[in-house]
Amino acid sequence: MIRSVAHRIVHHRDLGMTFKAACMACNWTASPSPDSAAVDIECLKHAGRSNHRGFHRTAASFAYVVRDGE
């Protein structure tokens with residue numbers, strides 16, 4: 001017997017996002033934080049001190065697969 005069950009990926013509601021940033025001109029990185037504004041402020045401070053203006057920003061979350069109806 002073959003059965004097909006629909007699945008979907010959902011964000012874990014108890015775990016928030018984690019934001020990170022890294023300077024594109026040097027090895028500087030912002031401290032990971034659940035607050036995107038805090039990471040942006042660290043980038044602005046780094047830019048002010050170093051005149052580096054390019055940053056790679058990422059946002060990560062914990063996702064899991066559930067069956068439809070769960």
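## A tour from Ser61 to the whole chain

Start by selecting Ser61, which sits in the loop that links strand 3 (55-60) to strand 4 (63-67). Keep in mind as you go that this is a predicted model. Is Ser61 buried or exposed? Neither label fits: its relative accessibility is 41%, so Ser61 counts as partly exposed.

Now show what surrounds this serine. Beyond its neighbours within four places in sequence, Ser61 is in contact with His11, Gly16 and Met17. Turn on the side chains of Ser61 and His11, and you will find a polar contact between them at 3.4 Å. For a sense of distance, add Asn27 to your selection: Asn27 and Ser61 are 34 residues apart along the chain, and their C-alpha atoms are separated by 24 Å.

Next stop, the helix. Select residues 36-50, which make up helix 1, and pick out His46 within that helix. With a relative accessibility of 7%, His46 falls under the 20% cut-off, so His46 counts as buried. Which residues does His46 touch, once those up to four places away in sequence are set aside? They are Cys23, Cys26, Trp28, Asn51, His52 and Phe55. Display the side chain of His52 too, because there is something to see between the two histidines: the side chains of His46 and His52 are joined by a polar contact of 3.4 Å.

One of the residues touching His46 deserves its own stop: Asn51. You will find Asn51 in the loop between helix 1 and strand 3. Its relative accessibility is 51%, so Asn51 counts as exposed. Check the backbone here as well, since phi of Asn51 is near 65°, a positive value in a residue other than glycine. Most residues other than glycine have a negative phi.

Finally, zoom out and colour by secondary structure. The chain has 1 helix and 4 strands, and from the N terminus on the elements run β-β-α-β-β. The radius of gyration is 18 Å, well over the 11 Å that the globule rule gives for 70 residues, so the chain is more spread out than a compact globule. Along the principal axes, the C-alpha trace spans about 65 × 20 × 15 Å.

With a surface view switched on, you are looking at about 5,600 Å² of accessible surface, 54% of which belongs to carbon and sulfur atoms. Of the 70 residues, 14% count as buried. If you mark the charges, the mean positions of the 9 positive and 6 negative ones lie 5 Å apart.

Methods. Residues are numbered from 1 along each chain as its sequence is written. This is a predicted model: local features need pLDDT of at least 70, side-chain atom pairs count only at pLDDT 80 or more; totals for chains, interfaces and linings use all residues. Side-chain values use heavy atoms; hydrogens and water are left out. Helices (H or I, at least four residues) and strands (E, at least two) are DSSP runs, numbered from the N terminus. Buried means under 20% relative accessible area, exposed over 50%, partly exposed in between (1.4 Å probe, protein chains only). Contact means heavy atoms within 4.5 Å. A polar contact is a pair of N or O atoms within 3.5 Å; within protein, one must be able to donate a hydrogen and the other to accept it, and residues adjacent in sequence count only if both atoms are side-chain atoms. The radius of gyration is taken over C-alpha atoms; the globule rule is 2.2 Å times the number of residues to the power 0.38. Accessible areas come from the Shrake-Rupley method with a 1.4 Å probe; for residues, only the protein chains shown count as cover. Lys and Arg count as positive and Asp and Glu as negative; His and the chain ends are not counted. The place of a charge is taken as NZ of Lys, CZ of Arg, CG of Asp or CD of Glu.
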